[in-house]
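Reader: Could you take me through one part of this model up close? I would like to start with a single residue and then see what surrounds it in the chain.

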Amino acid sequence: MSDSFHPSEDLSSGPIVCAISESVMRQAVSGMLDPEFGPRVIEAETIGRALELLVSVHSVDAIILDHPAGTEACLKLMRGLKSRVPVYLILNEPMTSTEALEGLEIAGRFEGTDALEDLVARLSADMKKKKAPAPAPRPKPRVPAAPPTPAAQELVKKLEAAANTITPTKPNDDFIRSAHEATMEIIRRTGLNETSQQLIRSNVMLIVKSMGTSPKLKNILRSIFIDRTKYRSSHSVVLAQLTCAIAGAVKWGSSTTFQKLTLASFLHDLEVEIDDLADVQTRAELEARANTLKLEEMKRYLLHPARASEMAQRMDEIPPDVDTIIVQHHERPDGTGFPRGLSASQFHPLSVVFVIGHDLLTAVHRSEGPISMSEFIASREQIYSMGNFRKVLRELDTIPAMDGSA
Ligand SMILES: [Fe+2]
Ligand SMILES: [Fe+2]
């Protein structure tokens, strides 16, 4: 496993939108693309959802369409939104007219018995070609080089020493949690200078190294049940372990993905100033506490995902997608989340992992005893019923029961 960030690896590319209207075909294409492209594949059940997605994300690498009535008009709309996105057409039957597609630069048309296999092979080849030249890094505002404090320097040395000894069999969770607390305190006092960034990177490296390549969700959940103070003392560290284990369970567990989820976990609640608010998940839950909060405190809480995301964008060597995961961590697929009230198709796939992991951790925290995974899944089936949400929730269903039930 790599110890440093490599922004050009796997998920640095944009999503591949599978907007095939016929559900069996859509799921078949999505399933065939999954082993190679994993979380980059987003299913859009309708053209409307595909259009929503094009509006909400910065870049899309490919759109896959079939050919129901009106496809030409949809294509024109899509071209209007993202003029250069390659469109791949998969056809159940030969098209009667190709005239309307002229000038729309279809990247590939696939029909006949081998259409699915041909599409996957072509997409794979095209994505490899696309990946060859590394994208130019985004220009960022300079992070001020404030002089390091003695406490920060001392912590950097301790983290470097710990990195030499920590392994999945010797994880030293107590040290990781206290290092996280100390790092957060240093960032709150001194801001995002070069030393605090080095501290964040060292912490992330330590957490990822301590998890190994295949963290087990059941073991992580069990350790939270055994010592529930772990959640309270370091929500972010446990969340990193939980989200990485979920990503591994849905076969999205590359080292880059682990680094992204761990970094997002580390930073997502940095701007939350009131500890008691850390488990407030939705706008409705926040409003239910209106009697005990000042208006200014509520406003700041509603903005904490965006503020933490902006801070992530200012970091040097930040892997792509981390800022998106952070800004989406209180969104909900039914549109009840904040700050933007996104719908399901607008979520980055790793945000889906993060939102479900955060929800599960909050449920563990709120439950009186060991959580029943089957009850958790049953209670979330409706809200997590679409696309990647459904896929991740189904994977949780394969985890052995934690509560002794079948
Ligand atoms: Fe939060
Ligand atoms: Fe949180």
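Author: Let's start with Lys-251, which is exposed because just 12 other C-beta atoms lie within 10 Å, and a residue counts as exposed at 12 or fewer. Please keep in mind that this is a predicted model. Lys-251 sits in the loop between α10 and α11, the latter spanning residues 255-267. Its backbone deserves a look too: although Lys-251 is not a glycine, its phi is positive, at about 65°. Most residues other than glycine have a negative phi, and most peptide bonds are trans.

Asp-321 makes a nice partner for Lys-251 in this tour. Asp-321 is another residue other than glycine with a positive phi, near 85°. Its place is the loop between α13 (295-314) and α14. Is Asp-321 buried or exposed? Asp-321 counts as buried, because it has 24 C-beta neighbours inside 10 Å and the threshold for burial is 20 or more.

While you are looking at loops, follow the chain to Pro-339, in the loop between α14 (322-327) and α15 (349-366). The peptide bond that joins Phe-338 and Pro-339 is cis, with omega at about 5°.

Now back to α10, the helix on one side of the Lys-251 loop. Helix α10 covers residues 235-249 and belongs with the largest nonpolar core, which has 65 residues. With 10 residues, α10 gives the most to that core. Ile-246, Leu-261, Val-353 and Ile-356 are the residues with the most contacts inside the core. If you centre your view on Ile-246 and set aside its neighbours within four places in sequence, you will find it in contact with Leu-217, Val-353, Ile-356, Gly-357 and Val-392. Apart from this core lies another, of 28 residues, including Cys-18, Ala-19, Leu-54 and Leu-65.

For a contrast with the core, try Arg-222 in helix α8, residues 217-226. Arg-222 is exposed, because it has 12 other C-beta atoms within 10 Å. Arg-222 and Ile-371 are 149 residues apart in sequence, yet their C-alpha atoms are 9.7 Å apart in space.

Finally, step back to the whole chain. The chain has 17 helices and 5 strands, and 38% of its 406 residues count as buried. Among contacts with a separation of 6 or more, 73% are between residues 24 or more positions apart.

Conventions: Residues are numbered from 1 along each chain as its sequence is written. Chains are lettered from A and ligands numbered from 1 in the order in which they are written. This is a predicted model: local features need pLDDT of at least 70, side-chain atom pairs count only at pLDDT 80 or more; totals for chains, interfaces and linings use all residues. A nonpolar core is a set of buried Ala, Val, Leu, Ile, Met, Phe, Trp, Tyr and Cys residues joined through C-beta atoms within 7 Å. Helices (H or I, at least four residues) and strands (E, at least two) are DSSP runs, numbered from the N terminus. Two residues are in contact if their C-beta atoms, placed from the backbone, lie within 7 Å.
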